[in-house]
Amino acid sequence: MTPIEATLVAVAGLCAGTINTVVGSGTLITFPVLLALGYQPVVANASNSIGLIPGGVTGSI
């Protein structure tokens with residue numbers, strides 16, 4: 001993973017976490033970004049699901 005790709009994933013994750021806390025649809029940002037970076041759909045889905053768990057927990061608190 002290049003630094004640009006890592007930055008893109010991090011920015012998408014932060015945006016998705018914020019959106020997910022407010023309305024719960026952060027997957028609409030992260031999943032397409034992971035697919036665009038060339039990840040397999042199953043890997044992107046699993047990564048997306050696991051990655052948004054901390055945002056959900058934080059939003060609940």
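**Exercise 1. The character of the pocket lining**

Task: In the largest pocket, how many residues of the lining are nonpolar, how many polar and how many charged?

Solution. The lining of the largest pocket divides into 5 nonpolar residues, 5 polar residues and no charged ones. Keep in mind as you work that you are looking at a predicted model. Now put names to the lining: Val-9, Ala-12, Gly-13, Thr-30, Val-33, Leu-34, Ser-47, Asn-48, Gly-51 and Leu-52 line the largest pocket. Next, look for the elements behind these names. Helix 1 (3–22), helix 2 (27–36) and helix 3 (41–51) are the elements that give two or more residues to this lining. To finish, add the volume, which is about 170 Å³ for this largest pocket.

**Exercise 2. The chain as a whole**

Task: Which pattern does the chain follow along the sequence, and what radius of gyration does the chain have?

Solution. Start with the secondary structure: the chain has 4 helices and 0 strands. Read along the sequence, that gives the pattern α-α-α-α. Then turn to the overall dimensions. The C-alpha trace spans about 35 × 25 × 15 Å along its principal axes. The radius of gyration is 11 Å, and because a compact globule with 61 residues would have one near 10 Å, the value agrees with that expectation. Two percentages round off the picture. Of the 61 residues, 16% count as buried. Among contacts between residues at least 6 apart in sequence, 34% join residues at least 24 apart.

**Exercise 3. Thr-30 and Asn-48**

Task: Take two lining residues, Thr-30 and Asn-48. Is Thr-30 buried or exposed, and with which side chain does the side chain of Thr-30 make a polar contact?

Solution. First, place Thr-30 in helix 2. Its relative accessible area is 9%, and since buried means under 20%, Thr-30 is buried. Second, place Asn-48 in helix 3. Asn-48 has a relative accessible area of 5%, so this residue is buried as well. Third, join the two: the side chain of Thr-30 makes a polar contact with the side chain of Asn-48, at 2.2 Å.

Now widen the view to the other neighbours, leaving out residues up to four places away in sequence. On that basis Thr-30 touches Ala-12, Gly-13, Ala-16, Asn-48 and Leu-52. Asn-48, counted in this way, touches Thr-27, Thr-30, Phe-31 and Leu-34. Check these names against the pocket: Ala-12, Gly-13, Leu-34 and Leu-52 are among the residues that line it.

**Exercise 4. Val-33 in helix 2**

Task: Which residues is Val-33 in contact with, once its neighbours within four places in sequence are left aside?

Solution. Begin with the location: Val-33 is found in helix 2. Then test its accessibility. The cut-off for buried is under 20%, so Val-33, at 18%, counts as buried. With its neighbours within four places left aside, Val-33 is in contact with Leu-8 and Ala-12. For a distance to try in your viewer, pick Ile-4: this residue is 29 residues from Val-33 in sequence and 13 Å away in space, C-alpha to C-alpha.

**Exercise 5. Three partly exposed residues**

Task: What are the relative accessible areas of Thr-21, Ser-49 and Ser-47?

Solution. Take the residues one at a time, remembering that partly exposed lies between under 20% and over 50%.

- Thr-21 is found in helix 1. Its relative accessible area is 45%, so Thr-21 is partly exposed. The C-alpha atoms of Thr-21 and Gly-56 are separated by 6.3 Å, although the two are 35 residues apart along the chain.
- Ser-49 has its place in helix 3. At 42%, Ser-49 is partly exposed. Ser-49 and Phe-31 are 18 residues apart in sequence, and 9.3 Å separates them in space, C-alpha to C-alpha.
- Ser-47 also has its place in helix 3. At 40% relative accessibility, Ser-47 counts as partly exposed. Ser-47 is one of the residues that line the largest pocket. Its C-alpha atom is separated by 19 Å from that of Pro-3, 44 residues apart along the chain.

How values were computed:
Residues numbered from 1 in each chain as written. Predicted model: local features only at pLDDT ≥ 70, side-chain atom pairs only at ≥ 80, totals over all residues. Heavy atoms only, no water. 1 Å grid on protein atoms, 1.4 Å probe; cavity = no way out; pocket = protein on both sides within 12 Å on 5 of 7 lines; lining within 4 Å. Points joined across faces, edges and corners; volume = space filled by probe spheres on them. Nonpolar A, V, L, I, M, F, W, Y, C, P; charged D, E, K, R; others polar. Buried < 20%, exposed > 50% of the residue type's maximum accessible area, 1.4 Å probe, protein only. Polar contact = N/O pair within 3.5 Å; in protein donor to acceptor, adjacent residues only side chain to side chain. Contact = heavy atoms within 4.5 Å. Rg over C-alpha atoms; globule rule 2.2 N^0.38 Å.
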